[in-house]
Amino acid sequence: MPSPDELLLALRERLERMRARNPRRLAVVAVVAAVVLLVLAWYVRPWLHGVVYGLYTTPVLPLAAALGLGLAVLVRRRFGTLAGRQVGLAVFALVLVAGVAGTGLLAGEELGKATMDRATTAGNLTETDPGKPRVVTKSVASRYASNTLNFPQYRIAGGDVTVRNGTPYWSYALAPDGAFNYYTKQQHGTVLVDMTRQNAEVETVVGDLRKGIGPAFYNGYRFATLKRANYLVGYEDPFMVVHEGEQYVAVPYTTPEFHWLPLPYTTPEWGGVVLIDGDGGIEDLSPAEAREHPVLAEQKLYPFELARQRVAATKYRNGILNTFTSHEDEIEVAPVPGEGNDQPFLVFTESGPEYVVAVEPYGQAQGLKEVWTIDGRTGEYEVYSPTESLFGARKATDYVRQAARTTDWNRFDPSEPIPVVIDGRLYWEVRVVPSDSSGIAYTAFVDARSTDVHEVSTTAEVRAFLEGDRVGAGGSGGGAGGRTPTLVVERVAPNGTVLETLEVYGNETVRVVRGNATGATGEG
């Protein structure tokens, strides 16, 4: 069997013979093939975007490739043909990986320090707007939208926050369902789930979009956007906008900013928003133009992933080396339960829509280190550092579990702990959701300072609590804001001190079990 070198030599000789026989024909064939390939690549360039954009935003690759290739050649000469080729390839790959990893760390440090420099320090957090409470979680909204869907040829797709007539909704696209419909139909409309009401308040806006979310590429927004708007940018997830009865697809995007020393790398910046109307018309808007556009007047515009990436990168505030050694003042974005939805969370404050990111100290600590707020329309960053000891988002869910003694936590989960500010005081708003996301069981507000847990069961009670109404609100141990317990059980020490309080609601019952220890008594 011929060796690879022999096969390569034979192929080279055959090409030489073809070139000698008819060099003009070979050149024509090569030119035609190149033109065909270029035309095809130009048409399907949206499919190549991931690779092209990845190479474009990694400028260290040519330098690392040249260095790796040079070292590989030297190694091959040193070790001979076969062993040299294998070692050379390993050296080449190692240089590429090291170059990309190194510039990734440089990019993180640059992004983190730039975020720290551009952020203003907040003395307090903005009060939450009680008229726009975030009640319904994403998982429950998806279930509501699916349960009320009465279009057999369509399914819901996506899932993001939009605002219509001053009310925030979870929005979904009516996308074709099934292979046949996928290739033959367009997006058929928009499903809106009111996020401010605990019950299923669902509205469907019907109307085909020529370039929408969910159908085949020739009817899809992304293929059209990459062909007719900016190409060398990073598009984020789209969201639906319904304005004056018309439907639009809005897509925020980032652009790379290049840095050349000590190695070439890029960092993302907010580039703008692409707006696609129902007829497929595309507008590429700068951030300032997007804020002035009447269709986007109420919407959040800043890219979600960029907000998270920037805040997470502030862990490099004391340099790259610190994150591998002493971890001084290092932070991490708090991991929270959310059924597919993570920080940052979009909340509506008295100043408008804001992304909120709660960060904790690096490691096992679960206290609240900082709260970052990002203006959803301008992208302005603020950081609030509490002057007192407050616990973080993860610990808030633990206190909810401890307080709700009658909740079966095998069938329910605390979800999406959102920081809300009421009368200058920070609470974690935790929704308790059945495991199948069939609805909201109740909402718990956890005082970030005192650990008191206030449970509310209706939308009206949520609004009342956000407005500062504490009538009937219990403290640590499962008090329920807006509800009066039918029975209060107190465990009292011999000296009269109340050791523990249990509040019983509705048709709940209390069981008293006599202990076996000497002197144990039970009172009913």
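Visitor: Which side chain does E330 join in a polar contact?
Guide: In this predicted model, the side chains of E330 and H327 are joined by a polar contact of 2.6 Å.

Visitor: Where is E330 found?
Guide: E330 sits in the loop between α10 (304-313) and β11 (331-333).

Visitor: Is E330 buried or exposed, and what is the nearest side chain of opposite charge?
Guide: E330 is buried and has no salt bridge. The nearest side chain of opposite charge is K315, 4.9 Å away. The cut-off for a salt bridge is 4 Å, so K315 at 4.9 Å does not qualify.

Visitor: What else does E330 touch, leaving out residues up to four places away in sequence?
Guide: K315, N322, T323, E360, P361 and Y362.

Visitor: E360 falls in a strand, I think. Which strand is joined to β14 by 6 bridges?
Guide: That is β13, residues 352-361. β13 and β14 run antiparallel, and Y355 has I374 in β14 as its bridge partner.

Visitor: How many residues of β14 are buried?
Guide: 5 of the 6 residues in β14 (370-375) are buried, so the strand is mostly covered.

Visitor: And how many bridges does β14 make with β15?
Guide: There are 4 bridges between β14 and β15 (residues 381-384), in the antiparallel sense. One of the pairs puts V371 with Y384 of β15.

Visitor: What links those two strands, β14 and β15?
Guide: They form a hairpin, with 5 residues between them. In the turn, G379 has a positive phi of about 80°.

Visitor: Switching topic. What is the strand order in the open sheet of 4 strands?
Guide: The order is β16-β17-β18-β19, and the pairing is antiparallel.

Visitor: Why do β16 and β19 each have one side without a neighbour in the sheet?
Guide: Because β16 (412-422) and β19 (453-456) stand at the edges, each has a single partner strand, and one side of each is left without a neighbour in the sheet.

Visitor: How much twist from one strand to the next?
Guide: The twist averages 25°.

Visitor: Back to β19 at the edge. How many bridges join β18 to β19?
Guide: 4 bridges join β19 to β18 (residues 442-447), and these strands run antiparallel. Within that pairing, V456 in β19 is the residue opposite T443.

Visitor: Which helix lies across β16, β17, β18 and β19?
Guide: Helix α12, residues 459-466, lies across β16, β17 (425-434), β18 and β19. Helix α12 runs at about 20° to β18.

Definitions and conventions:
Residues are numbered from 1 along each chain as its sequence is written. This is a predicted model: local features need pLDDT of at least 70, side-chain atom pairs count only at pLDDT 80 or more; totals for chains, interfaces and linings use all residues. Side-chain values use heavy atoms; hydrogens and water are left out. Buried means under 20% relative accessible area, exposed over 50%, partly exposed in between (1.4 Å probe, protein chains only). Two strands pair if DSSP finds at least two bridges between them. Axes are lines fitted to C-alpha atoms, for helices over the stretch in contact, and angles run from 0 to 180 degrees between N-to-C directions. Contact means heavy atoms within 4.5 Å. Lys and Arg count as positive and Asp and Glu as negative; His and the chain ends are not counted. A polar contact is a pair of N or O atoms within 3.5 Å; within protein, one must be able to donate a hydrogen and the other to accept it, and residues adjacent in sequence count only if both atoms are side-chain atoms.
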